[in-house]
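Work through these exercises with the model open beside you. Try each task before you read its solution.

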Amino acid sequence: MMLYSKRYSLSIFLILFSITLLFGETNEYKLWYDKPAQVWTEALPLGNGRLGAMVYGNPGTEQIQLNEATIWAGKPNNNANPDALLNIPKVRELVFAGKYLEAQTLATQKVMSQTNSGMPYQPFGDLRISFPGHTRYTDYYRELSLDSARVLVKYKNDGVTYKREIITSFTDQVVMVHLTASKMNKITFNAFLTSPHVDVLIGCDGQTVTLDGVTSTHEGLKGKVQFQGRMTVKAPGGRISCKDGVLAVEGANEATIYVSIATNFNNYQNIDGNAAERAKNYLDKALLHSYPEIKKTHTAFFKQYMDRVSLNLGENHSLETTDKRIENFSKNPDNHLVATYFQFGRYLLICSSQPGGQPANLQGLWNDKLFPSWDSKYTTNINLEMNYWPAEVTHLSELYQPLLQLTKEVSVSGKETAKIMYGADGWVLHHNTDIWRMTGAVDKAPSGMWLGGGAWLCRHLWEHYLYTGDTAFLKSVFPIIKEAARFYDQVMVKEPVHNWLVVCPSSSPENTHVGSTGEATTAGGVTMDNELITDLWSSVIAGSKILNTDADFANRLQSRLKEMAPFQIGRWGQLQEWMFDWDKPDDTHRHVSHLYGLYPSNQISPFRTPQLLDAARTSLIHRGDPSTGWSMAWKVCLWARLLDGDHAYKLITDQLSIVRNEKKQGGTYPNLFDAHPPFQIDGNFGCTAGIAEMLMQSQDGFIYILPALPASWRDGEVKGIIARGGFEMDIQWAQGKVRKVIIKSQSGGNCRLRSLTPLKGSGLTIAKGENSNRLYDVPTVSKPLINEKAILNPVNLKKTYLYDLKTEAGKVYIVTQSK
């Protein structure tokens, strides 16, 4: 259960917030519209990590769709299939015999879970507020402020100006709707709660509306999450009544609606909490404070995260609504919209992932369907990980905590699954999990026969260490990393063609291969598995030295790494996706899994592995640009790592194309949500990370300043982004060249800088030899195998300047362009 005693820690932020109010903002970031939302992807999202709200803003009948992060179908369970233990060796034999479709069919029948494929994330319901006569409105305005986490709705009706402000309070854990009018006694409405769930009970408890319900039964697993919502109002000057689940206010001068929601969920193994008691406590505590008080603490809490980073790519010269700006983006370049989109991604992470709560799922926190697409679970073959790509680099490191907690929990349930399905020690996670932390293989084998989820989540543990240098953290999570590595050490086998150590059966996520004439994904020794395990085992090897532990196991993994397949470059110059040269030049599949080594990993580098870089670029070119929203976001990151800012910007242009129906391919909905379609939040997060990568990279042994700056971002400034090693960076540029860099060293150590522009500054020296900062160690990558038919292109790198700056923790350093 989350703890929310946050008000006491806000005094310093309130002081800073007051200063901001006094002197004003230099650049306002908001989404705004001149009409109410008609569909969910036009509504505006609010969230506090636990409660989510989608605000439609209709004057006559307001609709606010509500979520609570622990409302999921089902109950505690795991779903490993015991039949897998005897059948995985049979599937493996079929793969090695080249009978891929037969192997896949057997895996579907005997390896995939026979109980359930995970439970869906479900909505609470809706708050609806009807305003008699408010259909004659004019001068309509609707806004989501990214500077204060607040929705504003304004309009005129019969000569009166009405205003609504809606927040999901971080500090008081309620949804609040504050209603005002320009004339006295004009606030009249009926408010009520609804829910799509079948088993609900709605009534009144004095002047409080209550809605009690229980989640759905799904795939034979009975829903056991109980939830309660409570709603009441403060309405000075008005008459208040509550009957039959309807809260009525007549003739008030203003009104504030308070809504609390809670469940019986304690953790993935225990649902013995008291939903009604929790909901009542949240509401009673919030009622001790007025709307202005709660708004102030809420805004200050939000800004302590949001204001850490700013991005200025130019002033906002557009007078168009946000949806029109998206619609016209390809014709009218709008750098302020790009900066807004970047900040919107950070906003969404702040609102959907707070310490002590659940991680952002496939839709973050926001879902209006009982059975959403892909159950809105945690898909671990790209989507969950992409959600957290911007966390470290955009200065939101604390928001990684829910993913850390999920990783700890699946390492427990995954230990059971590893033993049941594979007879192995350690732990395993396949391509999905949910709030119950199920770890069995789910759905059918074309997507489900993949066991890389644990390795990928462990990469996030290691990255958190690289960004923070926190050895106490590393020590606390090292057993998780080590046991994930142990699982692969025990289940990997030698394949018969090259005698390489491989994972089999597996797949390159969701992509079919020509070895099966395009009918199967199931294979062995795929490139992504090799990349993931190389990262995982390398982190154990490095971690054992840092912590002075487990040397024998680390030495074993060091030896085993040499038995694995090297990277391979195929017949048309591509980075091979599979062990065999099966890649098709016309394959435009949305997953680009074999390019994991380029991003988010650092195994492929312009400076260290130019042949692999060229092969990765060839693969990416043939994959094409237009795709699902999240796929295009990944490609922004990949093109940034290829140091091609203009191509990365072209992908941002593809991403910022309007989607108003589900027939179009990927892009952006009117409310800036990413469109797969349907909505998946990972594209928002991935693109935010990609924009950061265009401005600064730190994975290759140094901090590269403006590595992939597009021509259209000629002048600008970014403040507060974080490089590995705990270096906070403020970067100013003009005419495409670095003007000034301010470096705040959080951990001390050598700060190695690479720049296309010569720099100067106190303590800055020309870099020589290896970087002494161990957080900047880079992997050793063996020479790739290159098909004799492959034609490789030269990698022509621009001239750069490499510097070292010795830093002390807590000190600030300034470097500038050298004239």
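**Exercise 1.** In this predicted model, find how helix H14 and helix H15 cross, and which residues meet.

*Solution.*
Step 1. Locate the helices: H14 covers residues 527-547 and H15 covers residues 551-561.
Step 2. Look at the axes. They come within 9 Å and cross at roughly 145 degrees. The crossing is left-handed.
Step 3. List the contacts. H14 offers Thr534, Trp537, Ser538, Val540, Ile541 and Ser544. H15 answers with Phe553, Ala554, Leu557, Gln558, Arg560 and Leu561.
Step 4. Sort them by class: 7 nonpolar, 4 polar and 1 charged.

**Exercise 2.** Trace the open sheet of 9 strands and find its edges.

*Solution.*
Step 1. Write the order: E1-E6-E7-E8-E9-E16-E13-E12-E11, with antiparallel pairing.
Step 2. Go to the ends. Strand E1 (30-33) and strand E11 (200-205) each have a single partner strand, so one side of each has no neighbour in the sheet.
Step 3. Check the twist. From one strand to the next it averages 15 degrees.
Step 4. Zoom in on one pair. Strand E9 (residues 175-181) and strand E16 (residues 254-263) are joined over 6 bridges. There, Val177 has Ile257 in E16 as its bridge partner.
Step 5. Add the helices. Helix H4 (residues 275-286) packs on the sheet and touches E12, E13 and E16. Its direction makes about 150 degrees with that of E16. Helix H5 (residues 291-306) lies across E7, E8, E9 and E16, at about 50 degrees to E8.

**Exercise 3.** Which parts of the chain does the salt bridge between Glu143 and Lys30 tie together, and is Glu143 buried or exposed?

*Solution.*
Step 1. Recall the principle: side chains of opposite charge can pair when their charged atoms come close.
Step 2. Check the distance. The closest N and O atoms of Glu143 and Lys30 are 3.8 Å apart, and the cut-off is 4 Å.
Step 3. Place the residues. Glu143 lies in strand E6 and Lys30 in strand E1, so the pair ties together parts 113 residues apart in sequence.
Step 4. Test burial. Buried means under 20% relative accessible area. Glu143 has 6%, so Glu143 is buried. Lys30, at 22%, is partly exposed.

**Exercise 4.** Where do Asp535 and Arg459 lie, and how far apart are they in the chain?

*Solution.*
Step 1. Find the contact: their side chains meet in a salt bridge, 3.7 Å from N to O.
Step 2. Place them. Asp535 is in helix H14 and Arg459 in helix H12, 76 residues apart.
Step 3. Check exposure: both Asp535 and Arg459 are buried.

Methods: Residues are numbered from 1 along each chain as its sequence is written. This is a predicted model: local features need pLDDT of at least 70, side-chain atom pairs count only at pLDDT 80 or more; totals for chains, interfaces and linings use all residues. Side-chain values use heavy atoms; hydrogens and water are left out. Axes are lines fitted to C-alpha atoms, for helices over the stretch in contact, and angles run from 0 to 180 degrees between N-to-C directions. Helices (H or I, at least four residues) and strands (E, at least two) are DSSP runs, numbered from the N terminus. A crossing is left-handed if the near helix is turned anticlockwise from the far one by less than a right angle, and right-handed if clockwise. Contact means heavy atoms within 4.5 Å. Ala, Val, Leu, Ile, Met, Phe, Trp, Tyr, Cys and Pro count as nonpolar, Asp, Glu, Lys and Arg as charged, and the others, Gly among them, as polar. Two strands pair if DSSP finds at least two bridges between them. Buried means under 20% relative accessible area, exposed over 50%, partly exposed in between (1.4 Å probe, protein chains only).
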